[in-house]
Amino acid sequence: MSENHAAPSTVGQLSAHGDESAPEFYHPPEELVNNSNIMAYAREKGFADVEALRQWSVENYQEFWADMATRMVDWYQPFTTVLDESAAPFYQWFNDGSINIVHNALDRQVKTWRKNKVALIWESEQGDNKTFTYWQLYKRVNKFANVLKAMGVKNGDRVTIYLPRIPEIMIAMLACAKIGAMHSVVYGGFSVEALQTRIQDAQSRVLITADGGFLNGKIVELKKITDEAIKHSPVVETVIVVKRTGHDVPMEQGRDIWYHELMALPIASPKCETEPVGAEHPLYMLYTSGTTGTPKGLVHTHGGYQVGVATTMHFTFDIKEDDVWWCAADPGWVTGHSYIVYGPLILGATQVMYEGAPTFPYPNRWWNIVERYGVTVFYTAPTAIRGLMRFGEAWPSRHDLSSLRLLGSVGEPINPEAWRWYHRVVGKNNCPIMDTWWQTETGAFMITPNPTTPLKPGSGTRPFLGIDAAVVNEQGEPAGDDEDGLLVIKKPWPAMLRTVYNNPDRYIEQYWTKIPNLYTAGDSARQDDDGYFWVIGRIDDVIKVSGYRLGTAEVESALVSHHDVAEAAAIGLPHEVKGNAIHTFVILKNGVEASEDLADELIAHVGKMMGPIAKPEAINFVTSLPKTRSGKIMRRVLKSRALGLPEGDLSTLEA
C-alpha cells in the first residue's frame, strides 16, 4: 500500500490526510487484511502489498489470467493459448481448451468432502424453506438435464427461463449449461412484450416458467404472462411449468407440461454426463437495454466467464470454506448469474437465496435471515439500502448481525449517506463495503475494493487485478484528476461479452467505435488524486432505476404506442430510494385533452408494456420537445431544465 493508505491499528478508524476537506478513508480491520485471500496471493507472488500485486497483474495481464485459469477451475483439455487477438475486438480466451462450467460448479465438488456440504439454503416470504447439499443439487441438475434432452434440447440450442427466485431457476440454468445449451433468463418482473421480444430474438423452442411467484404477499402471474407472450411467439413448442403457488392456471394440451411430473418420469435419471465444450462455446445470452430501444442479447462463454467470476469472487469477497454467502439479487440479472448461480458453486460456498421483498411482512426480514443463518458476506443494491434506511435503525438493531464480516454493493453508484448507514448500522463499523462497478457486458467485477483496501464512501476505489481501466476525454486522451470523462477498459479480460447475439455489427458499434481500440463502458466517471474511481452515471440514453437498466427509447416507444400520444421523451431524475426515477414528456395528438386521469392511464400503459419497474414517476404534458436539426430529442436539455441547471450548448437545437 502507499504511505497514505497504511492501515491504522484502530479498527474502522477514519483518516483524511490531515485535511478536513479531503474524503475520509475507512480502513479495514487488520485481522481481515492479514488473513485475506488476496494478501495470501500477494505474499506467494513475492509482493509486499496488494497494490504492487495489482500493478504487476495489469502489466502482465495474460500471465495473471492464465494463472487464475489454472488455479480456479479444472479443464478437460488444458489450454495452451491464453488470448487470441487475431479477430479483435472479437477476443477469444483459452480457446484451445475444453471445459464446462457445470463440471467446476458441481461435478468436481461431489468428488470431494463438499459432496455433503450445504450448497443452497432457500427461503420464501411465505415461510417455505429448503436446503440442498452439493450432492442433492447435482442430482437435481442431472435429472432436469435429462428432461431437457428428452424434450429435444441439444448442444447449441437456446432455452428461455422465466422463473421466480426459487431453486428451480438455478437448476434450470445449470441443466442447460451441462448439455451445452444456452440459457436466456428473463427477469420475472418483466411483462408480456418484454418476454415475447426476448423469446423471438433467441428463437427458443423450449420455455421454462412457473404458475407464479410471490412478492409482497401477492402472486406474480408468470404463467399468464407466458401464455400471452407465446401467442406472438409461435417458435415455442414446449412449456415446462414449475408448480410454485398452486393456484389454478390453464395448461395447453401438447405444449404445457408440469415440471414435477417430468422429474418423476424414468427419463429423469439422476445420472447425466456433463458435455465437454470448447472454452469459447456460448454459455448464455442475457438481454440488456440499448439506446435504440431494441434489447441486446449479450453472449458469454464457458471458459473465460467462469475464470473471471471465480477469481473476482475469491479475491473481492474473500470467500472461505465456512462462509455463508448471500447475494440478494435476482438470478434474472447478471449479478445473479455470476454471483448466485455460478461463482459461489465454483468456489464451493454455502449460500442463501430468498424469494420475496426485503420489507415483507416487516422491514427486518433481511436482518432476520442474516441472524438465523449466520450470513457472513452480504451483497445487495444501493436502492435496497436506501429503501431500508427509511424505516430507521431500530429494525436492523434488534438482530444479532455479528456474523457479518464483509458487505457489498452493486447495480449503481452508492451515495455516501447510504454507504455510511450501511457500514455503521448493518456492519457495526467493522465490515468493509465492497462497492463493485461492473456490467452485464463485463461478466464480472471491474472496479472494486478488496478486503485490504482503505475505502472512501461512494467510490469503487481501484480496478480489479488484471483490469486496466481509465477515464478519458472524447478524443481518448487521459482526463485530469477529478475531471469527468468516459470510463474505458484498455485491455481485454476473460469474462467480457463476446458479441451481441446474431448482431456482431452492433457489438462493434456499441462498444468499440466511440474511441478506437478501447472498450467504452457507456458510463462517465472521474479519478481522484489517489487513483480512486468515482462512477457518475450513464452517458447514453439508458436510465438506471433501482439498479435496473431501462432504455429511454423503450419507454418512449411504449408511450407512443398509446392511441392518444404523438411524441414522447423520457429522462432519469435523481430519486432518494430508486437512485433514478423515470420522468416523461408527452405531446398528445390533436384534439386530446391533458388530464390527471390520462396521465395515470399512460403510467399504467407503460407498466403493462414493459413491466412495473418501468412505470414513469411523472407524465409531463408539453406542446414541443427540444430537438436537434436532425430531429433527435435533446434529453440532456430536458434534464437540465427539470433540475434547474444550465442547459449548455444549444447551437444544434432546431429553431
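Where does Pro89 sit? In this predicted model, Pro89 is placed in the loop that runs between strand S3 (83-84) and strand S4 (92-93). The peptide bond leading into it, from Ala88 to Pro89, is cis, with omega near 10 degrees. A cis bond also turns up from Phe360 to Pro361, here with omega near -5 degrees. Pro361 belongs to the loop between strand S19 (350-355) and helix H13 (365-373).

On to the aromatics: a search of the whole structure turns up 41 aromatic pairs. Take Tyr339 and Trp438, which meet edge-to-face at 5.2 Å centre to centre, with 85 degrees between the planes. Tyr339 is part of helix H12 (residues 334-346), while Trp438 is in the loop between strand S22 (433-435) and S23, so this pair ties together parts that lie 99 residues apart in sequence. Tyr339 is buried, at 0% relative accessibility, and Trp438 counts as buried too, at 8%. Elsewhere, ring pairs join Phe90, Tyr91, Trp493, Tyr507, Tyr511, Trp512 and Tyr519 into a cluster.

The loop between helix H16 (416-426) and S22 holds Lys428, a non-glycine residue whose phi is positive, near 55 degrees. Asn429 lies in the loop between H16 and S22 and has a positive phi as well, about 60 degrees, without being a glycine. Lys428 is partly exposed at 41% relative accessibility, and Asn429 is partly exposed at 39%.

As for surface charge, Asp481, Asp482, Glu483, Asp484 and Asp529 make up a negative patch. One of these residues, Glu483, is in the loop between strand S23 (469-472) and strand S24 (485-489); Glu483 is partly exposed, with a relative accessible area of 40%.

Methods: Residues are numbered from 1 along each chain as its sequence is written. This is a predicted model: local features need pLDDT of at least 70, side-chain atom pairs count only at pLDDT 80 or more; totals for chains, interfaces and linings use all residues. Side-chain values use heavy atoms; hydrogens and water are left out. Patches are made of residues with over 30% relative accessible area and no salt bridge: like charges are joined within 9 Å, nonpolar side chains (Val, Leu, Ile, Met, Phe, Trp, Tyr) within 5 Å. Accessible areas come from the Shrake-Rupley method with a 1.4 Å probe; for residues, only the protein chains shown count as cover. A salt bridge is a side-chain nitrogen of Lys or Arg within 4 Å of a carboxyl oxygen of Asp or Glu. Lys and Arg count as positive and Asp and Glu as negative; His and the chain ends are not counted. The place of a charge is taken as NZ of Lys, CZ of Arg, CG of Asp or CD of Glu. Helices (H or I, at least four residues) and strands (E, at least two) are DSSP runs, numbered from the N terminus. Buried means under 20% relative accessible area, exposed over 50%, partly exposed in between (1.4 Å probe, protein chains only). Rings of Phe, Tyr and Trp (its six-membered ring) pair if their centres lie within 6.5 Å; planes under 30 degrees apart count as stacked, over 60 as edge-to-face and the rest as tilted.
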